[in-house]
Amino acid sequence: MQTYDLAPGHRISRVIKGGWQLAGGHGEINRETVIEDMIAFADAGITTFDCADIYTGVEALIGAFRAEYARVRGAEALDRIKVHTKFVPDLGKLATLSKADVAAAIETSLSRLGMEQLNLVQFHWWDYEIDRQVEVATWLADLRREGKIANIGGTNFDTAQMSRILDAGVPLVSMQVQYSLIDDRPSRSMVEAAMAAGISLLCYGSVGGGLFSERSLGAPEPQAPFENRSLIKYKLIVDEFGGWSLFQDLLEVLADIAAHHDSDIASIASRAVLERPGVAAVIVGARNRDHLERNLAIPDIALTEQDFARINAVLARANPVPGDVYTLERDRNGKHGSVMKYNLNKEGH
Ligand SMILES: NC(=O)c1ccc[n+]([C@@H]2O[C@H](COP(=O)([O-])OP(=O)(O)OC[C@H]3O[C@@H](n4cnc5c(N)ncnc54)[C@H](OP(=O)(O)O)[C@@H]3O)[C@@H](O)[C@H]2O)c1
């Protein structure tokens, strides 16, 4: 598995195991199997795990995996595991959040994960109108200086807000964003600003919640009710992109390219995102180890110029998803924002 140095002493796999699928709503979770799956991912080279304080139960599962991994593989092997969690204060708390609240949230993550220091905390802020995000980010920087956090990243900030946080002296190393063949919002201004500041992009949505797959190829347009919230979210992005029929054209091209590389649609879609400037890794959600072998192969798929030309010919017919990173989702009454849950710390714990 290709690796990438996100920060000094912080080497990640270029495919990251996404953890949201373990937070409920994506089928039954068997704790033992989940931990065995995580060991299989780590042994195979996918050594970086994405989670969040608001992914109910997932930090604790990763904590249990870390303990088991140390037991069966030793301390040196555990050292290679990097956990990327998030600090996502509830919308209802943003106006009153104190420095002590932030410190307490970080302690909770440390304790669930069984760590002395968090490898990476990715900061999310629901509402720019409650203009305290820069101040709160500086509190994370204080916790970093105190040794509670090794590295700070952001998630879903737009370019202007990312720049404000940087200008306040917060040493962001990464920004986690939705970036895929159907969503190129980061390419408008985020990529350039991030690269100039030495910030690496960690990208979710490259497989569109599973919409990029052979299952979707030739399938009728999915209709509500959807199997999970991921699919609602990414189907809305497909609609912005140009609709199901254009998406089918893209899937057909990807399927054909996949056939030439002994691969599959999802892997080609992820591989194409990894190629983009500024992208350090793709985060692929995994309920189990069904797609492990495929996901391991992603970085080594040697896409040709002709493959990219064929993909780009379809993308040239798409409507660019409007706005900067996460602008659409920030309208809580709009169709993209209304599918989000804004107070998960309160609801989940
Ligand atoms: N910062 C944020 O706001 C944010 C938002 C969303 C996600 N994330 C992070 O990013 C991760 C991934 O994003 P996501 O949750 O939106 O999901 P995703 O990665 O877009 O989709 C995951 C689903 O795609 C399917 N899949 C994965 N690999 C595949 C393959 N090789 N072939 C076919 N299907 C494949 C699987 O479905 P089946 O199991 O049904 O096959 C899997 O459950 C999350 O787990 C989370 O860690 C962060």
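Modeller: Two strands pair if DSSP finds at least two bridges between them. Strands are DSSP runs of E with at least two residues, helices are runs of H or I with at least four, and both are numbered from the N terminus.

Biologist: What makes strand 1 and strand 2 a pair?

Modeller: Strand 1 (residues 3–7) and strand 2 (residues 10–13) run antiparallel and are joined by four bridges, so they meet the pairing rule. One of the bridges links Asp5 to Arg11 in strand 2. The hairpin has two residues between the strands, and Gly9 has a positive phi near 75° there.

Biologist: Before I go on, what am I looking at?

Modeller: A predicted model, in which local features need pLDDT of at least 70 and side-chain atom pairs count only at pLDDT 80 or more, while totals for chains, interfaces and linings use all residues. Residues are numbered from 1 along each chain as its sequence is written, and side-chain values use heavy atoms, with hydrogens and water left out.

Biologist: Why does Asp262 count as buried or exposed?

Modeller: Buried means under 20% relative accessible area, exposed over 50%, and partly exposed in between, with a 1.4 Å probe and protein chains only. Asp262 comes out at 64%, so it is exposed. Asp262 sits in the loop between helix 9 (244–260) and helix 10 (265–274).

Biologist: And Tyr326, why does that count as buried or exposed?

Modeller: Tyr326 has 7% relative accessibility, so it goes down as buried. Its loop runs between helix 12 (305–315) and helix 13 (344–348).

Biologist: What is the phi of Asp262, and what is that of Tyr326?

Modeller: Asp262 has a positive phi of about 50°, and Tyr326 has one near 65°. Neither Asp262 nor Tyr326 is a glycine. Most residues other than glycine have a negative phi, and most peptide bonds are trans. For a cis bond, look at Ala224 to Pro225, where omega is near 0°. Pro225 is in the loop between strand 9 (200–204) and helix 8.

Biologist: How do you know whether Ser180 is buried or exposed?

Modeller: Its relative accessible area is 0%, so Ser180 is buried. Ser180 is in the loop between strand 8 (172–178) and helix 7 (190–196). Contact means heavy atoms within 4.5 Å, and beyond its neighbours within four places in sequence, Ser180 has contacts with Gly205, Ser206, Val273 and Arg276.

Biologist: Why is helix 10 called mostly covered?

Modeller: In helix 10, 10 of its 10 residues are buried. Among them are Ile265, Ser270, Arg271 and Leu274. Their cover includes strand 9, helix 9, strand 10, helix 11 and helix 12.

Biologist: How many residues surround the ligand?

Modeller: There are 29, and the closest are Gln21, Asp50, Gly209, Tyr234 and His291. A residue is near a molecule if one of its heavy atoms lies within 4 Å of it.

Biologist: Which polar side chain lies 2.8 Å from an oxygen atom of the ligand?

Modeller: That is Asn156, through an N or O atom. A polar contact is a pair of N or O atoms within 3.5 Å, so this pair qualifies. Gln176 places a side-chain N or O atom 3.0 Å from a ligand nitrogen, and a polar side-chain atom of Asn295 is 3.4 Å from a ligand nitrogen. The protein covers 92% of the 890 Å² of accessible area that the ligand has on its own.

Conventions. Polar contact = N/O pair within 3.5 Å; in protein donor to acceptor, adjacent residues only side chain to side chain. Areas by Shrake-Rupley, 256 points an atom, 1.4 Å probe, with all protein chains shown as cover.
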